[in-house]
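Hi,

Here's the structure I promised to pass along. Have a look first, and my notes follow underneath.

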Amino acid sequence: MIVASKRFMRDLFDLSGRTALITGAASGFGEAMALGFAEFGCNIVAADIAFDKAKNTASRVEELGRQALALRMDVGQPEEIHAGFLSAAERFGGLDILVNSAGVSPHEAAEDTAIATWDRAIDINLRGAFLCCQEAARRMLPCGKGSIVNISSISGQAGYPRGAAIYSASKGGMDAITRQLAIEWAKRGIRVNSLAPCQFMTPGLREVMDDPQFDPEKLMQTWTDNIPIGRVGEAWEIVGPALFLASDASSMVTGVSLPVDGGYLAR
Ligand SMILES: NC(=O)c1ccc[n+]([C@@H]2O[C@H](COP(=O)([O-])OP(=O)(O)OC[C@H]3O[C@@H](n4cnc5c(N)ncnc54)[C@H](O)[C@@H]3O)[C@@H](O)[C@H]2O)c1
């Protein structure tokens, strides 16, 4: 028997009155999710190392009638994460949603990978995401509710060529943390999930295409050949899956890594 909720089903995706802190909100997925969540009523803390662009995201959120705060936050620096969450709390009080979208994708052949590249990418993609989860949980646990969405990648679950060892390690680690934290916090009201996108046309992906070690046409051909839907994604196409995981629409979903990959991982 389905137990009827007191909520109207059409409100399941409603984020009115909630606050989301989104790292990497200055560009690509992070920017798209900030604007998309704002359309569904959410106030946004736009955190990014690129402060001017984060301010631009925040202004556009305000144009949509929501409240916004731009933060300069390098998620590779623990003290900046701590300070950023304090500023967010001063402005908004509680925190309902965290999205970890800040990330870098170095491409170095495994045999040539420099320790400094490894350290910086792992510090940003993996340790940074974990520390943001920790800061968010310290605010969500006392309220007994919250949703965390980690932007992982298909490379967390599948290997691919082109020197992606560090990136794959960081995203595989992110998926492991997602499962672990989901279980640790499940009975205390926090859900933790990740999204596993294939290639999406964001400024970050354009940087990869502009990398002189690659031929951009061949790269695009390889990507589209491997994505059953036959094309790369557009940034806005992450918003629906992210909104699903962030909102009450997914109230019984935790600990999953949801592919957003045009069928890539189904092959
Ligand atoms: N675009 C894709 O094809 C794709 C596919 C799978 C996963 N992802 C993941 O999605 C996330 C967003 O990627 P995107 O494509 O939107 O890239 P993007 O480069 O357009 O955006 C990434 C944002 O993260 C910010 N950032 C980088 N380092 C940071 C740091 N140390 N502290 C704070 N902010 C920092 C950048 O300034 C930028 O605004 C990343 O985690 C990436 O790994 C992207």
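**What turned up**

Glu135 is located in helix α4; helices here are DSSP runs of H or I with at least four residues, strands are E runs of at least two, and both are numbered from the N terminus. Glu135 is buried, since its relative accessibility is 5% (buried means under 20% relative accessible area, exposed over 50%, partly exposed in between, with a 1.4 Å probe and protein chains only). Its side chain makes a polar contact of 2.8 Å with the side chain of His82. For that term, read a pair of N or O atoms within 3.5 Å; within protein, one must be able to donate a hydrogen and the other to accept it, and residues adjacent in sequence count only if both atoms are side-chain atoms.

Before going on, the ground rules: this is a predicted model, where local features need pLDDT of at least 70, side-chain atom pairs count only at pLDDT 80 or more, and totals for chains, interfaces and linings use all residues. Residues are numbered from 1 along each chain as its sequence is written, and side-chain values use heavy atoms, leaving out hydrogens and water.

Now the ligand. It is surrounded by 31 residues (one heavy atom within 4 Å is the criterion), and the closest are Ser27, Asp48, Tyr167, Phe200 and Thr202. By type, that shell divides into 16 nonpolar, 11 polar and 4 charged residues; Ala, Val, Leu, Ile, Met, Phe, Trp, Tyr, Cys and Pro count as nonpolar, Asp, Glu, Lys and Arg as charged, and the others, Gly among them, as polar. Helices α1 (28-39), α4 (115-140), α5 (165-185) and α6 (203-210) each supply at least two shell residues, with the largest share, 3 residues, coming from α6.

Which residues have polar atoms close to ligand oxygens? A polar side-chain atom of Asp48 lies 2.6 Å from one, a backbone N or O atom of Phe29 lies 2.8 Å from one, and a side-chain N or O atom of Lys171 is 2.9 Å from one. Taken alone the ligand exposes 820 Å², and the protein buries 90% of that (Shrake-Rupley method, 1.4 Å probe).

Two more residues are worth a look. Gly173, in helix α5, is buried because its relative accessible area is 17%. Its C-alpha atom is 7.5 Å from that of Gly156, 17 residues apart along the chain. Thr224 sits in helix α7 (residues 216-226) and, at 17% relative accessibility, also counts as buried. A polar atom of the Thr224 side chain lies 3.2 Å from the backbone oxygen of Gln221.

Cheers
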